[in-house]
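Here is a set of exercises to work through with the viewer open. Try each task yourself before you read its solution.

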Amino acid sequence: MKLVAVLNGPNLNMLGTREPEKYGAATLDDLESLCAETAEELGLAIDFRQSNIEGELVSWIQECRGRAAGIVINPAAYSHTSVAILDALSAVDLPVIEVHITNIHRREEFRHHSYVSRIATGVIAGLGIGGYALALRAMAGILAEAGDED
Ligand SMILES: O=C(O)[C@@H]1C=C(O)[C@@H](O)[C@H](O)C1
């Protein structure tokens, strides 16, 4: 069964209580459940993680080499600052789908640029946590097209 890493950046552990008018009322646990249910439907396995530490996310991305078939990532604030995460994603050379719960292009100027977008196969922004389900569906298609072995 193909494994997809679902990686979440800083402050996403506060989902549900963090600016719910922007990020919604669903918690990180709710998000993980949504991803798990979607992955099961798609015949994918997921490794769902969240960290507030940039270096931990970098290490987790590196660990995907030889282990995961693709990466769904919401780098959160690190989207806008982290060359390290971009470099790690480039190094592992896996399909990447970038997700943002909010539409970063309708927010403050500093959120309009994401370093990750230059390596991402696709970017989903502004569709709430449903964007993660869409990302997994897209990833399933990408992997099927690539003919990845189970
Ligand atoms: O929409 C999101 O999921 C992103 C999440 C964050 O925590 C912000 O720092 C980003 O700017 C947007």
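**Exercise 1. Decide whether H100 is buried or exposed in this predicted model, and list what surrounds it.**

Solution.
- Step 1: Begin with the accessible area. H100 has a relative accessible area of 4%. The cut-off for buried is under 20%, so H100 is buried.
- Step 2: Place the residue in the fold. H100 lies in strand 4.
- Step 3: Collect its contacts, setting aside neighbours within four places in sequence. H100 is then in contact with N74, P75, S79, S114, V123, I124, A125, G126 and L127.
- Step 4: Add a distance for orientation. H100 and A140 are 40 residues apart along the chain, and their C-alpha atoms are separated by 19 Å.

**Exercise 2. One of the contacts of H100 is P75. Find where P75 sits and which residues it touches.**

Solution.
- Step 1: P75 is in the loop between strand 3 (70-74) and helix 4 (83-92).
- Step 2: Its relative accessibility is 1%, so P75 counts as buried.
- Step 3: Not counting residues up to four places away in sequence, P75 touches G9, P10, E98, V99, H100 and V116.
- Step 4: Check a pair that is distant in sequence. P75 and N11 are 64 residues apart along the chain, with 10 Å between their C-alpha atoms.

**Exercise 3. Work out which residues touch the most other members of the largest nonpolar core, and which elements supply the core.**

Solution.
- Step 1: The largest nonpolar core has 26 residues, and L31, V72 and Y132 touch the most other members.
- Step 2: Turn to the elements. At least two residues of this core come from each of strand 1 (3-8), helix 2 (28-42), strand 4 (96-100) and helix 5 (130-146).
- Step 3: Helix 5 gives the largest share of this core, six residues.
- Step 4: Look at V72 in detail. Leaving out residues up to four places away in sequence, V72 touches V4, A5, V6, L7, I97, V99, Y132, A135, L136 and M139.
- Step 5: Now look for another core. A second, separate one has 20 residues, including A5, I71, I73 and V96.

**Exercise 4. How many disulfides does the structure have, and where do C35 and C64 stand?**

Solution.
- Step 1: Recall the chemistry. A disulfide is a covalent bond between the sulfur atoms of two cysteines.
- Step 2: A search of the whole structure gives zero disulfides.
- Step 3: For C35, the nearest cysteine sulfur is that of C64, 14 Å away. A disulfide needs the two sulfur atoms within 2.5 Å, so C35 is in no disulfide.
- Step 4: The search from C64 leads back to the sulfur of C35, 14 Å away, and C64 is in no disulfide either.
- Step 5: Finish with accessibility. C35 has 0% relative accessibility and therefore counts as buried. C64 is buried too, with a relative accessible area of 0%.

**Exercise 5. Describe the largest pocket by its volume and its lining.**

Solution.
- Step 1: The volume of the largest pocket is about 160 Å³.
- Step 2: Its lining has 15 residues, of which Y23, A76, A77, R107 and R111 lie nearest the centre.
- Step 3: Sorted by type, the lining consists of seven nonpolar, five polar and three charged residues.

**Exercise 6. Which sign does phi take in A76 and in E19, and where do these residues lie?**

Solution.
- Step 1: Set the expectation. Most residues other than glycine have a negative phi.
- Step 2: A76 has a positive phi, near 55°. A76 is in the loop between strand 3 and helix 4, and at 14% relative accessibility it counts as buried.
- Step 3: E19 has a positive phi as well, near 40°. E19 is in the loop between strand 1 and helix 1 (20-23), and its 31% relative accessibility makes it partly exposed.

**Exercise 7. Set D47 beside H112: find the location, accessibility and contacts of each.**

Solution.
- Step 1: D47 is in strand 2 (residues 45-50), whereas H112 is in the loop between strand 4 and strand 5 (122-125).
- Step 2: D47 is buried, with a relative accessible area of 15%, while H112 is partly exposed at 26%.
- Step 3: Beyond four places in sequence, D47 touches L3, V4, A5, V6 and R67, and H112 is in contact with I104, H105, R106 and R107.
- Step 4: H112 and D47 are 65 residues apart in sequence, and 28 Å apart from C-alpha to C-alpha.

Methods. Residues are numbered from 1 along each chain as its sequence is written. This is a predicted model: local features need pLDDT of at least 70, side-chain atom pairs count only at pLDDT 80 or more; totals for chains, interfaces and linings use all residues. Side-chain values use heavy atoms; hydrogens and water are left out. A nonpolar core is a set of buried Ala, Val, Leu, Ile, Met, Phe, Trp, Tyr and Cys residues joined through side-chain atoms within 4.5 Å. Buried means under 20% relative accessible area, exposed over 50%, partly exposed in between (1.4 Å probe, protein chains only). Helices (H or I, at least four residues) and strands (E, at least two) are DSSP runs, numbered from the N terminus. Contact means heavy atoms within 4.5 Å. On a 1 Å grid over the protein atoms alone, a cavity is a set of points where a 1.4 Å probe fits but cannot get out, and a pocket is an open set with protein on both sides within 12 Å along at least five of seven lines; lining residues have an atom within 4 Å of a point. Grid points are joined across faces, edges and corners, and a volume is the space filled by probe spheres set on the points. Ala, Val, Leu, Ile, Met, Phe, Trp, Tyr, Cys and Pro count as nonpolar, Asp, Glu, Lys and Arg as charged, and the others, Gly among them, as polar.
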